Amino acid sequence: MDIEQKQAEHIEFFVKQASALKGSALTSVIVEATSHPSLFAFSEILSVPSVLELEGTENSVYLDLLRLFAHGTWSDYKSIAGRLPQLVSAQALKLKQLTVLTLADTSKVLPYDQLMQELDVTNVRELEDFLINECMYVGIVRGKLDQLKRCFEVQFAAGRDLRPGQLGNMLQTLTDWLTTSDNLLVSIQEKIKWADTMSESDRKHRKEVEERVDEVKKSLSLKKLQTVSRPMLTSEGMRRSTLNLVE
């Protein structure tokens, strides 16, 4: 079973749970979801009405926690840790995995130094073990560890939840891309038309040249034939002609 199918099943499970509960009963669902080892998408849970109703209540910190796992990173957590529930070890691991996904979305070559800083890892061995065991083995990323260049070359990374407003930017980017593609297609079609026109012109010119060459050949052949068929005067004939002229 691939990671996308697993995600869909886990999301459906937690959405059903959250939809059936309200208030403080949702806190345990949120903790369980953000601790689950195979769940990396949270926007559907965030959109559940009962979850959104936590805003402004004494349990609103759990809504903030869920938003952090949907869009944030380990560095984001450290900056607001005092305003959030303390993370259990499974949540800390999950947030670091999500941090790798965020970094992989911005660059396909991640320097070890950057990763160690973002993940609070103290040495290369620990970092490589984390990338292999907690990221690549889990299936959320694929890539190559380059010890010589001290970097992680990303070949694939699972996508994260879209931030608010990010969908609009993506749609605008796609619209711009489609416009550019349309303009490029028109340009290509014009070049093809021009090439066809030039090809037809070359064909006509080549035909005219061939016709002229044929005419020249025919003319030369005719002249040669006339030269060959003209009677040649023998020496006797020339002598007689001379005598006739003298007489």
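Is Arg 150 buried or partly exposed? With a relative accessible area of 36%, Arg 150 is partly exposed. Keep in mind while reading these points that the model is predicted.

1. **Overall make-up.** We have 11 helices and 3 strands here. Going from the N terminus, the order is α-α-α-α-α-α-α-β-α-α-β-β-α-α. The protein has 247 residues, and 28% of them are buried. If you take the contacts with a separation of 6 or more, 56% of them join residues 24 or more positions apart. The accessible surface adds up to about 16700 Å², with carbon and sulfur atoms holding 56% of that.

2. **Helix H2 and its cover.** Have a look at helix H2, residues 25-35. Its buried residues are Leu 26, Thr 27, Val 29, Ile 30, Ala 33, Thr 34 and Ser 35. What covers them includes helix H1 (3-19), helix H3 (43-46), helix H4 (49-52), helix H5 (60-71) and helix H7 (89-106).

3. **Ser 50, a link to H2.** Ser 50 belongs to helix H4. It counts as buried because its relative accessibility is 6%, against a cut-off of under 20%. Leaving out residues up to four places away in sequence, Ser 50 touches Ala 18, Ser 19, Leu 21, Lys 22 and Leu 26. One of these, Leu 26, is also on the list of buried residues in H2.

4. **Gln 7 and the stretch around Phe 40.** Gln 7 sits in helix H1 and is buried, at 10% relative accessibility. Its side chain reaches the backbone nitrogen of Phe 40 at 3.0 Å. Once neighbours within four places in sequence are set aside, Gln 7 is in contact with Ser 38, Leu 39, Phe 40 and Ala 41. Phe 40 has another partner too: the charged end of Lys 94 sits over its ring, 4.9 Å from the centre.

5. **Aromatic pairs.** The structure has 3 aromatic pairs. One of them joins Phe 13 and Phe 14, edge-to-face, at 5.1 Å centre to centre and with 80 degrees between the planes. How do the two partners sit with respect to the surface? Phe 13 is partly exposed, with a relative accessible area of 41%, whereas Phe 14 is buried, at 1%. Another pair is Trp 74 with Tyr 77, which is tilted: 5.4 Å between centres and 35 degrees between planes. Both of these residues lie in helix H6 (residues 74-80), 3 residues apart, about one turn of the helix. Trp 74 and Tyr 77 are both buried. Lys 96 adds a charge here, lying over the face of Trp 74 at 4.9 Å from the ring centre.

6. **Cysteines.** How many disulfides are there? The count comes to 0. If you want to look at individual cysteines, Cys 135 is buried, with a relative accessible area of 0%. Cys 151 counts as buried as well, at 6%.

7. **Met 136.** Met 136 lies in helix H9, which covers residues 124-136. With a relative accessible area of 22%, Met 136 is partly exposed; it does not count as buried because that label needs a value under 20%. Not counting residues up to four places away in sequence, Met 136 touches Leu 131, Val 141, Arg 142, Gly 143, Leu 145 and Phe 152. Met 136 and Phe 156 are 20 residues apart in sequence, and their C-alpha atoms are 9.6 Å apart in space.

8. **Two residues with positive phi.** Most residues other than glycine have a negative phi. Two places to check against that are Asp 120 and Arg 150. Asp 120 is not a glycine, yet its phi is positive, at about 60 degrees. Asp 120 lies in the loop between helix H8 (112-119) and H9, and is partly exposed at 40% relative accessibility. Arg 150 has a positive phi as well, near 55 degrees. Its place is the loop between strand S2 (141-146) and strand S3 (151-157). That brings us back to the opening question: Arg 150 is partly exposed, at 36%.

Note on methods. Residues numbered from 1 in each chain as written. Predicted model: local features only at pLDDT ≥ 70, side-chain atom pairs only at ≥ 80, totals over all residues. Heavy atoms only, no water. Helix = DSSP H or I, 4+ residues; strand = E, 2+ residues; numbered from the N terminus. Buried < 20%, exposed > 50% of the residue type's maximum accessible area, 1.4 Å probe, protein only. Contact = heavy atoms within 4.5 Å. Areas by Shrake-Rupley, 256 points an atom, 1.4 Å probe, with all protein chains shown as cover. Disulfide = S-S within 2.5 Å. Phe/Tyr/Trp six-rings, centres within 6.5 Å; stacked < 30°, edge-to-face > 60°. Lys NZ or Arg CZ within 6 Å of the ring centre and 35° of its normal. Polar contact = N/O pair within 3.5 Å; in protein donor to acceptor, adjacent residues only side chain to side chain.
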